[in-house]
Amino acid sequence: MMGNNKELGLLYQYQEARRRLAACEGAIADPEREKTIAGLRDRVREAETAAESLEQECARLKRENRQLEEECRLFEAQLGELETTLYSGRISAPKELAQLQRRIAEYQKAKADREEKILDHLYQLEAKEAELALAQKKKTKLQRQLEAAIEAETKRVNSLQEQRAELEKELSSLEQALPENLKEFYRRSANALKGIVMIPVENGLCGFCHMILPPAVLEKVKRGSAELTVCENCGRGLFYPK
Ligand SMILES: [Zn+2]
């Protein structure tokens, strides 16, 4: 005898647990979710790079301004010396005086140029700092989104892994309870029948393809027989649910 109705019911349970396990494993490795998180990760990286380059730009402007201010101080010191010489009355030759005045004018112009550059840098810096504030805000927002997405995904996967462990436990105890010939039948037919090798009779119909089962077949299923009774239409093993 292929198996009594109770054993056929166990095989059905086994098959259903296998199907839930396959679905569970499919859900754990969900490429769409992985893609979403990878996309978010890319956006965070982009935002980080953007903020970083603005930070560097701001730092560069500040550094250049410190350099320019230092140059201004040097020009000022030199101008001070030149003016002291000019007003000291020590130089009286018109040619030398003219030369001195020319140098003073040159230094004043050089200092004014730097001062103008400093102002220009300060305007640029103001704009860049505003951009940087926005970029950092965007970066923080995206980082939080990514953290939340990872947390939700971790939770989802953890709960699925718990389910998987439960299903594996259930499967191994069912496997122990099942007679060898039923397991063999399952192994042989599972692929061809797409994982559904047993189906309960439902109101006299095959529970899978809904074909009306002849009374003789129903009787055979009820009584049990040496051969597993299968649906003539879809080839699946039949049993009465508890
Ligand atoms: Zn059928």
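What follows is a chat between a visitor and a guide about the structure shown above.

Visitor: Before we start, how are residues numbered, and what kind of model is this?

Guide: Residues count from 1 along each chain as its sequence is written. The model is predicted, so local features need pLDDT of at least 70 and side-chain atom pairs count only at pLDDT 80 or more, while totals for chains, interfaces and linings use all residues.

Visitor: What makes up the secondary structure?

Guide: Five helices and three strands, in the order α-α-α-α-β-β-α-β along the sequence. Helices here are DSSP runs of H or I with at least four residues, strands are runs of E with at least two, and both are numbered from the N terminus.

Visitor: How do you know whether the protein is spread out or a compact globule?

Guide: Take the radius of gyration over C-alpha atoms and set it against the globule rule, 2.2 Å times the number of residues to the power 0.38. For 242 residues the rule gives 18 Å, and the protein comes out at 43 Å, well over that, so it is more spread out than a compact globule. Along its principal axes, the C-alpha trace spans about 135 × 30 × 25 Å.

Visitor: What makes you say that the length of helix 1 agrees with expectation?

Guide: The expected span of a helix is 1.5 Å times one less than its number of residues. Helix 1 has 24 residues and should span 34 Å; its end C-alpha atoms are 34 Å apart, so the two agree. Helix 2 (residues 31–88) can be checked likewise: its 58 residues reach 85 Å from first C-alpha to last, close to the 86 Å expected.

Visitor: Why is R33 called partly exposed?

Guide: Count the other C-beta atoms, placed from the backbone, within 10 Å of the residue's own: 20 or more is buried, 12 or fewer is exposed, and in between is partly exposed. R33 has 16 such neighbours, so it counts as partly exposed. R33 is found in helix 2.

Visitor: And which residues of helix 2 are buried?

Guide: V44, A51, L61 and F75. The buried residues of helix 2 pack against helix 3 (94–177). Just after helix 2, G89 takes a positive phi of about 80°.

Visitor: Why is K194 called exposed?

Guide: K194 has 9 C-beta neighbours inside 10 Å, so it counts as exposed. K194 sits in the loop between helix 4 and strand 1, and its phi is near 55°, a positive value in a residue other than glycine.

Visitor: What about H210: what exposure class does it get, and why?

Guide: Its count is 13 C-beta neighbours inside 10 Å, so H210 is partly exposed. H210 lies in the loop between strand 2 and helix 5 (215–223). Phi of H210 is near 65°, again positive in a residue other than glycine.

Visitor: What makes a group of residues a nonpolar core?

Guide: They must be buried Ala, Val, Leu, Ile, Met, Phe, Trp, Tyr or Cys residues joined through C-beta atoms within 7 Å. The largest such core has 20 residues, and L11, Y14, Y186, M198 and L238 touch the most other members. Helix 1 (5–28), helix 4 (180–189), strand 1 (198–202) and strand 3 (237–239) each supply at least two residues. The largest share, five residues, comes from helix 1.

Visitor: Which residues does Y186 touch?

Guide: Leaving out residues up to four places away in sequence, Y186 touches L11, Y14, Q15 and V197. Contact means C-beta atoms, placed from the backbone, within 7 Å.

Visitor: How do you know that strand 1 pairs with strand 2?

Guide: Pairing takes at least two DSSP bridges between the strands. Two bridges join strand 1 to strand 2, which run antiparallel, and one of the bridges links V201 to C206 in strand 2. Strand 1 and strand 2 form a hairpin with two residues between them, and N203 in the turn has a positive phi of about 50°.

Visitor: Why is the pairing in the sheet called mixed?

Guide: Strand 1 and strand 3 pair in the parallel sense over three bridges, whereas strand 1 and strand 2 are antiparallel. The open sheet of three strands has the order 2-1-3, with mixed pairing. Strand 2 (205–206) and strand 3 are the edge strands, each pairing on one side only.

Key: Contact = placed C-beta atoms within 7 Å.
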